[in-house]
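Hello,

Here is the structure I promised to pass on. Have a look at it first, and then read on for my notes.

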Amino acid sequence: MIEQLKTKLNEIENNYTTKLQNCASLKELQDLQVEALGRKGALTELLKSLKDLSLEEKKAFGPLSNEAKNKLTALFEEKAATLEIEEINKTLNETDIDLTLPSYPFEKGKRHPLEIAKKRMTDILKGLGFVWAQGPLVEDEYHNFDALNIPPHHPARDMQDTFFIKNTQKKDFVLRTHTSGVQIRTMQKQKPPIRIIAPGRVFRKDALDATHSPVFNQIEGLYIDKNVSLADLKRDLTLFMQGLFGPKAQVRFRSSFFPFTEPSVEVDVKCVFCEGKDQNCPVCKGSGWKEMLGAGIVHPNVLRNCGIDPEIYSGYAFGMGVERLAMFSLNIKDIRNFYDNDVRILEQF
Ligand code: PHE
């Protein structure tokens, strides 16, 4: 009996060894493997007859059948690997896939440095209780100038007189020259207390150079309530600058002029590069300070224009240039770096 089984075992082994070598596809090989080693395969069937053997015979035959099974399994695996490579090569030869192309993942994009800077600024302001407000980029003359106490003859218009769209719907429109028009739009809609910021693009007739661009970004701020004074403005802007440049940042207020604020101030920050110690500092030009933004107490005429009684309410406003602050905090020397879209430069920030 056992001799018979041994012959059978050899037969199976030889038979499938030859057959598997002749397989031409993975599918054919898999079918053959099931036929040889599967649950109802040839080898499994043979092993079922083990139960009729004596203990001695089982001990002798068991290892032989295991050996045959292992050998066949290894051969099947080896052949599968070869066939797999052949099939991949065949597909590649038949298609136009270019293996020299860079593989996934492609380089990921990231935020533009100006957006990073803008987000930092608005995050700090949100922390100080300001909420987001918006106005149109194409603004009418009234909101951009008149309501802000800038009448047609006022010299302040000259600096900003630009990009007019004449006489549409009996009104003149202008690409807004500052975000201050959003102050008016907000106060027309909303009764105090008001505490808003309005970030966005503005347009000037400036020529493009290292520090000027005809299109740039501002963040407007407006706070109106009872008893708001210059002290509130100084506190909030100092907190803002310290949030942006660190708790040791020093802030200076100089008197200035804007038609829509009275009194008006210009806000400087102590140069974060030389701290006022380097006579030849290229950033502050040795002055030790860097002008950052304009601000002031909202002019009573502006409040009146919006139907708010200046005898009851008062408030402050500020307007800052995002590029200017971003250039200062990131030490970027040329505003054009923001707009040239040269990834080699942008990715450094
Ligand atoms: N709108 C002014 C500008 O564009 C800035 C400013 C805003 C000044 C609010 C005072 C108050 O220069």
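Let me begin with Asp-342, which is partly exposed at a relative accessible area of 24%. Please keep in mind throughout that this is a predicted model. Asp-342 forms a salt bridge with Arg-344, and their closest N and O atoms are 2.9 Å apart. The partner, Arg-344, is exposed, with a relative accessible area of 62%.

That pair belongs to a wider set, as the structure holds 18 salt bridges. As a general point, side chains of opposite charge can pair when their charged atoms come close. Here are some others to look up.

In helix α1, which covers residues 2-21, Glu-3 and Lys-6 sit three residues apart, so about one helical turn separates them. Their side chains meet in a salt bridge, at 3.8 Å from N to O. Glu-3 counts as exposed at 52% relative accessibility, while Lys-6 counts as partly exposed at 31%.

Lys-19 has a salt bridge too, with Glu-35, and the closest N and O atoms of this pair are 3.7 Å apart. This one links distant parts of the chain: Lys-19 lies in helix α1 and Glu-35 in helix α2 (residues 26-37), with their positions 16 residues apart in the numbering. Lys-19 is partly exposed, with a relative accessible area of 36%, and Glu-35 is also partly exposed, at 39%.

There is a network to look at as well: salt bridges link Arg-195, Asp-232, Arg-235 and Asp-236.

Now for a charged residue without such a partner. Glu-323, in helix α11 (residues 322-330), is buried and yet has no salt bridge. The nearest side chain of opposite charge is that of Lys-118, 8.3 Å away; a salt bridge needs the nitrogen and the carboxyl oxygen within 4 Å, so this pair does not qualify. What Glu-323 does have is a polar atom in its side chain lying 2.9 Å from the backbone nitrogen of Asn-217. Leaving aside neighbours within four places in sequence, Glu-323 is in contact with Leu-114, Phe-216, Asn-217, Ile-335, Phe-338 and Tyr-339.

On to the ligand. It is surrounded by 14 residues, and the closest are His-178, Ser-180, Arg-204, Gln-218 and Gly-319. Three of the side chains come up again when you look at N and O atoms. A ligand nitrogen is 3.0 Å from an N or O atom in the side chain of His-178, and a ligand nitrogen is 2.9 Å from an N or O atom in the side chain of Ser-180. For Gln-218, the ligand atom is an oxygen, 3.0 Å from an N or O atom of the side chain. Taken alone, the ligand exposes 320 Å², and the protein buries 91% of that.

You may also want to check some of the backbone geometry. Most residues other than glycine have a negative phi, and most peptide bonds are trans. Against that background, these places deserve a look.

The peptide bond from Pro-192 to Pro-193 is cis, with omega near 5 degrees. Pro-193 is placed in the loop between α8 (181-189) and β5 (194-203). Another cis peptide bond joins Glu-262 and Pro-263, where omega is about 0 degrees. Pro-263 is in strand β8, which spans residues 261-270.

As for phi, Asn-149 has a positive value near 70 degrees, though Asn-149 is not a glycine. Its place is in the loop between α6 (141-144) and α7 (155-160), and at 21% relative accessibility Asn-149 counts as partly exposed. Lys-285 has a positive phi as well, near 60 degrees. Lys-285 is found in the loop between β8 and β9 (289-298) and is exposed, with a relative accessible area of 67%.

One last stop is helix α4 (residues 55-94), which holds Ala-74. Ala-74 is partly exposed, with a relative accessible area of 41%. The C-alpha atoms of Ala-74 and Gly-62, 12 residues apart along the chain, are separated by 19 Å.

Happy browsing, and do write back with any questions.

Best wishes

Notes:
Residues are numbered from 1 along each chain as its sequence is written. This is a predicted model: local features need pLDDT of at least 70, side-chain atom pairs count only at pLDDT 80 or more; totals for chains, interfaces and linings use all residues. Side-chain values use heavy atoms; hydrogens and water are left out. Helices (H or I, at least four residues) and strands (E, at least two) are DSSP runs, numbered from the N terminus. Buried means under 20% relative accessible area, exposed over 50%, partly exposed in between (1.4 Å probe, protein chains only). Lys and Arg count as positive and Asp and Glu as negative; His and the chain ends are not counted. A polar contact is a pair of N or O atoms within 3.5 Å; within protein, one must be able to donate a hydrogen and the other to accept it, and residues adjacent in sequence count only if both atoms are side-chain atoms. Contact means heavy atoms within 4.5 Å. A residue is near a molecule or strand if one of its heavy atoms lies within 4 Å of it. Accessible areas come from the Shrake-Rupley method with a 1.4 Å probe; for residues, only the protein chains shown count as cover.
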